[in-house]
Amino acid sequence: MNHLELEQEIGKMARAMMSRNSLIGKDLIADLRGRLSVDSVAALMIVSIERLIWYDCESVLWSLSYLIPADVMEEIRRITALVVCQRLMGKGFVLGKDFSMDATGQLLLSENAKTAVVVA
């Protein structure tokens, strides 16, 4: 998928999320899943959510609750947890001391790490 196609897919997904029409959104996700890996679909969803959050937070919340399939949502969690860990380490926080992950992949943060995540 080239840059233009990627931009078009992100735009379509953001518009589907704004429509809050699960049939449209699920059809788009099914089409993407036929052409891309789960991690690529998750990454595309993250960018679509990021674009939409500035304009329509309620549609983001709706999409997280009703549109995104469980396996894609799990990949989104994995990607975002990894990014948060990288940013915390970049700010000098220590893995195992200031933050860690439990067996389910849930981030465990000290109060200082929580503050750093919210402020960033």
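Start at the largest pocket of this predicted model by selecting helices H3, H5 and H6 (111-119), each of which supplies at least two residues of the lining. The greatest share of that lining comes from H5, which gives 13 residues, and the lining as a whole is made up of 28 residues. To find the middle of the pocket, select Ile46, Ile76, Thr80, Ala81 and Val84, the lining residues that lie nearest its centre. The space in this pocket comes to about 920 Å³. If you colour the lining by residue type, you should find 18 nonpolar residues, 4 polar ones and 6 charged ones.

Now zoom out to the whole chain and switch to a cartoon view, in which 6 helices and 2 strands make up the secondary structure. Following the chain from the N terminus, you pass the elements in the order α-α-α-α-α-β-β-α. The C-alpha atoms fill a box of roughly 45 × 30 × 25 Å when it is taken along the principal axes. Of the 120 residues in the chain, 32% are buried. Among the contacts in the chain with a separation of 6 or more, 58% are made by residues 24 or more positions apart.

Next, go to the largest nonpolar core, which has 21 residues, and select Met13, Met17, Met45, Ile68, Val72 and Ile76, the members that touch the most others in it. Two or more residues of this core come from each of the helices H1 (3-19), H2 (22-35), H3 (38-53), H4 (57-66) and H5 (70-90). Helix H3 contributes the most, with 6 residues. A second core, separate from this one and 6 residues in size, can be shown by selecting Cys85, Leu88, Phe93 and Ala116, which are among its members.

Return to Val72 and display its surroundings: which residues is Val72 in contact with, leaving aside its neighbours within four places in sequence? They are Arg33, Val38, Val41, Ala42 and Met45.

From there, move to helix H4 and select Ser63, which lies in this helix. Ser63 counts as buried because its relative accessibility is 0%, the cut-off for buried being under 20%. Not counting residues up to four places away in sequence, Ser63 touches Met17 and Ile68, two residues already selected in the largest nonpolar core.

Stay in helix H4 and show the side chains of Trp62 and Tyr66, which are 4 residues apart and therefore separated by about one helical turn. The count of aromatic pairs comes to 1. In the pair formed by Trp62 and Tyr66, the ring centres are 6.1 Å apart and the planes stand at 40 degrees, so the pair is tilted. Are these two residues buried or exposed? Trp62 counts as buried, because its relative accessibility is 16%, whereas Tyr66 counts as exposed, because its relative accessibility is 56%.

For the last stop, select Arg20, whose place is in the loop between H1 and H2. Although Arg20 is not a glycine, its phi is positive, at about 55 degrees. With a relative accessibility of 35%, Arg20 counts as partly exposed.

Note on methods: Residues are numbered from 1 along each chain as its sequence is written. This is a predicted model: local features need pLDDT of at least 70, side-chain atom pairs count only at pLDDT 80 or more; totals for chains, interfaces and linings use all residues. Side-chain values use heavy atoms; hydrogens and water are left out. A nonpolar core is a set of buried Ala, Val, Leu, Ile, Met, Phe, Trp, Tyr and Cys residues joined through side-chain atoms within 4.5 Å. Buried means under 20% relative accessible area, exposed over 50%, partly exposed in between (1.4 Å probe, protein chains only). Contact means heavy atoms within 4.5 Å. On a 1 Å grid over the protein atoms alone, a cavity is a set of points where a 1.4 Å probe fits but cannot get out, and a pocket is an open set with protein on both sides within 12 Å along at least five of seven lines; lining residues have an atom within 4 Å of a point. Grid points are joined across faces, edges and corners, and a volume is the space filled by probe spheres set on the points. Ala, Val, Leu, Ile, Met, Phe, Trp, Tyr, Cys and Pro count as nonpolar, Asp, Glu, Lys and Arg as charged, and the others, Gly among them, as polar. Rings of Phe, Tyr and Trp (its six-membered ring) pair if their centres lie within 6.5 Å; planes under 30 degrees apart count as stacked, over 60 as edge-to-face and the rest as tilted.
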